[in-house]
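Student: I've got a model open and I'd like to learn how to read it. Could you walk me through it?

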Amino acid sequence: MSFTNKKIIAGNWKMNGLKNDAWKLTNDLLSKFESPDEKLGFEMIICPPATLLSEVVSMVDGSPIKVGAQNCCDKLDGAYTGEISPVMVKDIGANFVILGHSERRSYYGETNELVAKKAEAALNQGLTPIICIGETLEQKENGSALAVIEDQFLNSIPENATIENIIIAYEPVWAIGTGKVATLQDIIDVHTKIREVAEKKFGSQNISILYGGSVKPNNAKDIFSLKDVDGVLVGGASLKADDFWAIAMASV
Ligand code: PEP
């Protein structure tokens, strides 16, 4: 298990939000934590765009909300124009970084090997990588999903990873932003596979696995009912404080 035994509710804002939006969304979330009957049975992580990290880190200071970046470079500093180093992410006060999201793999050509290098660099700076893996629709339909998952898991995880210092997000590509959520059986099958591969690699199945792909308030309870699900990575619904909060509350 990673840094927590509680369910992890992570929000990926993707490339959305200007300063005012971040201010409102973060404040709306903070105000929910202030309600007297709020239950802290979960850990909440929000991952804004890099331009808003500093602002959001300052806003959540002293609150239960934690902050992550959506990407980082595999290098620490130097002539890499436009990149953001894990040292910078840590310096700004974030503690997590999403790596290998399918949008980065498909639009920016990120390979398992690059994801592993980024994760290694992130771990060396004390960041917790949330490493995303997931099959495409074609791979699901041709029956290779579990083999793809095994390959991505084994090759996206760096040498300095342990069962405790990384979080895996299983995100079927066909379920991201499409409104098509994986069936509960799909989730069970893939999470079980990930645990089997983790056992082979680390000698333990006890790794944190989030499910991601069209998680919404109306399906969150069913997803959290699966004992193999340690949390969720939420895209679209994390941009609405009420929805993100409802998802979090479905976990407790
Ligand atoms: C994501 O981007 O990681 C994601 C799961 O998006 P959505 O919840 O919108 O499907």
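Tutor: Let's go through the strands, a helix and the cysteines. Keep in mind that this is a predicted model.

Student: Where do I start with a sheet?

Tutor: Start with the general idea: strands of a sheet pair through backbone hydrogen bonds, either parallel or antiparallel. Here, eight strands close into a barrel, and their pairing is parallel. Going round, the order is S1-S2-S3-S4-S5-S6-S7-S8. On average, neighbouring strands of this sheet are turned by 25° against each other, direction ignored.

Student: How many bridges join strand S5 to strand S6?

Tutor: Four bridges link S5 (residues 128-133) with S6 (residues 167-170), and the two run parallel. For a spot to click on, take Ile 130, which stands opposite Ile 167 in S6.

Student: Which strands does helix H2 lie across?

Tutor: Helix H2, residues 53-60, lies across strand S2 (42-47) and strand S3 (66-69). Its direction is at about 170° to S3.

Student: Now the cysteines. How many disulfides does the structure hold?

Tutor: Zero. To call one, you need a pair of cysteine sulfur atoms within 2.5 Å.

Student: Why is there no bond for Cys 47?

Tutor: Because the closest cysteine sulfur, in Cys 132, is 9.3 Å from the sulfur of Cys 47, too far for a bond. Looking from Cys 132, the closest cysteine sulfur is the one in Cys 47.

Student: And is Cys 132 buried or exposed?

Tutor: Cys 132 counts as buried, at 2% relative accessibility. Cys 47 is buried too, with a relative accessible area of 0%.

Terms used. Residues numbered from 1 in each chain as written. Predicted model: local features only at pLDDT ≥ 70, side-chain atom pairs only at ≥ 80, totals over all residues. Heavy atoms only, no water. Buried < 20%, exposed > 50% of the residue type's maximum accessible area, 1.4 Å probe, protein only. Pairing = 2+ DSSP bridges. Axes fitted to C-alpha atoms, helices over the stretch in contact; angles between N-to-C directions. Contact = heavy atoms within 4.5 Å.
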